[in-house]
Amino acid sequence: MKRRSLIKAFVVSATMSFIGFTFTVQAVDTIKVGILHSLSGTMAISETPLKDVALMTIDEINAKGGVLGKKLEPVVVDPASNWPLFTEKARQLLTQDKVSVVFGAWTSVSRKSVLPVFEELNGLLFYPVQYEGEEMSPNVFYTGAAPNQQAIPAVQYLISDDGGGAKRFFLLGTDYVYPRTTNKILRAFLHSKGIEDKDIQEVYTPFGYSDYQTIVSNIKKFSAGGKTAVISTINGDSNVPFYKELTNQGIKATDIPVIAFSVGEEELRGIDTKPLAGQLAAWNYFESVDNPTNKKFVEDYRAYAKAHNLPNAGTVVTNDPMEATYVGIHMWAQAVEKAGTTDVDKVRTAMAGQTFSAPSGFTLTMDPTNHHLHKPVMIGEVESDGQFNVVWQTDKPIRAQPWSPYIEGNDKKPDSPMKTTD
């Protein structure tokens, strides 16, 4: 009896050990990746689709065998358009959830909120949205546009005869670092083109602002002084009341063109775009781009939306930050395969020079020194169906200039996030 009990105890112990071993293998057999996007609050209109396309991309990679033979396991958190909460959630992903990389953030204030966390803990963030530049970090890869890949070409277009030959500029943005720094750069650029301060007006509104009646009226008054264009850096759901007010006051693109840097197909989805036909946006990708890679990207996302019962699944659209998210995840996966590990330092090295055939129709390259993508620039006109007709684009991807030459002293800044000034 005693011998049988000992044998039974050994078998149970071995089984428990085996079960424990099995669970350990399962835990190690996935690679956790963080998704850090606002799924509630004023930025949810823009950021929720980035979460969705990130999950689609992860499914796509897993269906092809994962990375290093392991499945990617997404860990999704909601910082709720709350900048301090971004910091908290970033730390949670890196220290508690033990993710190997994070894809996320939209606004520059959210990126700057989490940046110290990634640098302190040596985490890796892929940031997918256009921004104001004036930053490089060894812990961030910027897959959205720098100012010379969006804002500067957009204003050059407005000044040109093709863009209407604007002489006055109304700079309207949400009150935070991205619009203010971008407009600082644009004001200096306009000065270089002979535009004086009296022909430039800046106005800022809080996040979630909705009462644009007086501002739009002031735009009309300002335009009486000469051919005027509006440069919009409004972010989030405030775009809906702004564009509705343009319609209410009868402003058409032929009278006062508005070019937006943060309005894409998703932001226009809930608006009657017929009165906005001809208004402009500057990006590096539009859903309407006609090529086989983009056709598959759009079809795959629509299929994903239906299969996962996303809200308004029948009318989902793709946009620039979604493409940047898709490209960033694939590039990271390629770098991990090249490095043979998810170790941040080794992946960072392997990211240099990574290329990817993007839905934009261009092969994008991660700059080997400055952690920014080389990207094409496109300007699109709003069409009545909410899509964009590309009216101008570069013939090849443009190398990013994180430090704008229009900011004094930037010529002394390092050309790599791994270098520091003396």
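This report describes a predicted model, with attention to one sheet, two helices that pack on it and one buried asparagine.

Residues are numbered from 1 along each chain as its sequence is written. Local features need pLDDT of at least 70 and side-chain atom pairs pLDDT 80 or more, while totals for chains, interfaces and linings use all residues, and side-chain values use heavy atoms, without hydrogens and water.

The chain has a mean pLDDT (the predictor's confidence in each residue, from 0 to 100) of 92, and 93% of its residues reach 70 or more. Over residues 1-27 pLDDT stays under 50, and the model has zero contacts (heavy atoms within 4.5 Å) beyond four places in sequence for them. Where pLDDT is low, the predicted coordinates should not be read in detail.

Seven strands (DSSP runs of E, at least two residues, numbered from the N terminus) form an open sheet with mixed pairing, in the order β7-β6-β8-β9-β10-β14-β15. Its edge strands, β7 (200-205) and β15 (388-393), each pair (at least two DSSP bridges) on one side only. Strands β6 (residues 168-174) and β7 run parallel, joined by six bridges. Threonine 174 stands opposite threonine 205 in β7.

Two helices (DSSP runs of H or I, at least four residues) touch this sheet. Angles run from 0 to 180 degrees between N-to-C directions of axes fitted to C-alpha atoms, for helices over the stretch in contact.

| Helix | Strands in contact | Angle |
|---|---|---|
| α6 (residues 177-192) | β6, β7, β8 (228-233) | about 175° with β7 |
| α8 (residues 239-248) | β6, β8, β9 (258-260) | about 165° to β9 |

Asparagine 410 lies in the segment after β15. Asparagine 410 is buried (under 20% relative accessible area, 1.4 Å probe, protein chains only) because its relative accessibility is 7%. Asparagine 410 touches Glu134, Trp403 and Ser404, residues up to four places away in sequence not being counted. A polar atom of its side chain lies 2.7 Å from the backbone oxygen of serine 404.

Note on methods
Buried means under 20% relative accessible area, exposed over 50%, partly exposed in between (1.4 Å probe, protein chains only). A polar contact is a pair of N or O atoms within 3.5 Å; within protein, one must be able to donate a hydrogen and the other to accept it, and residues adjacent in sequence count only if both atoms are side-chain atoms.
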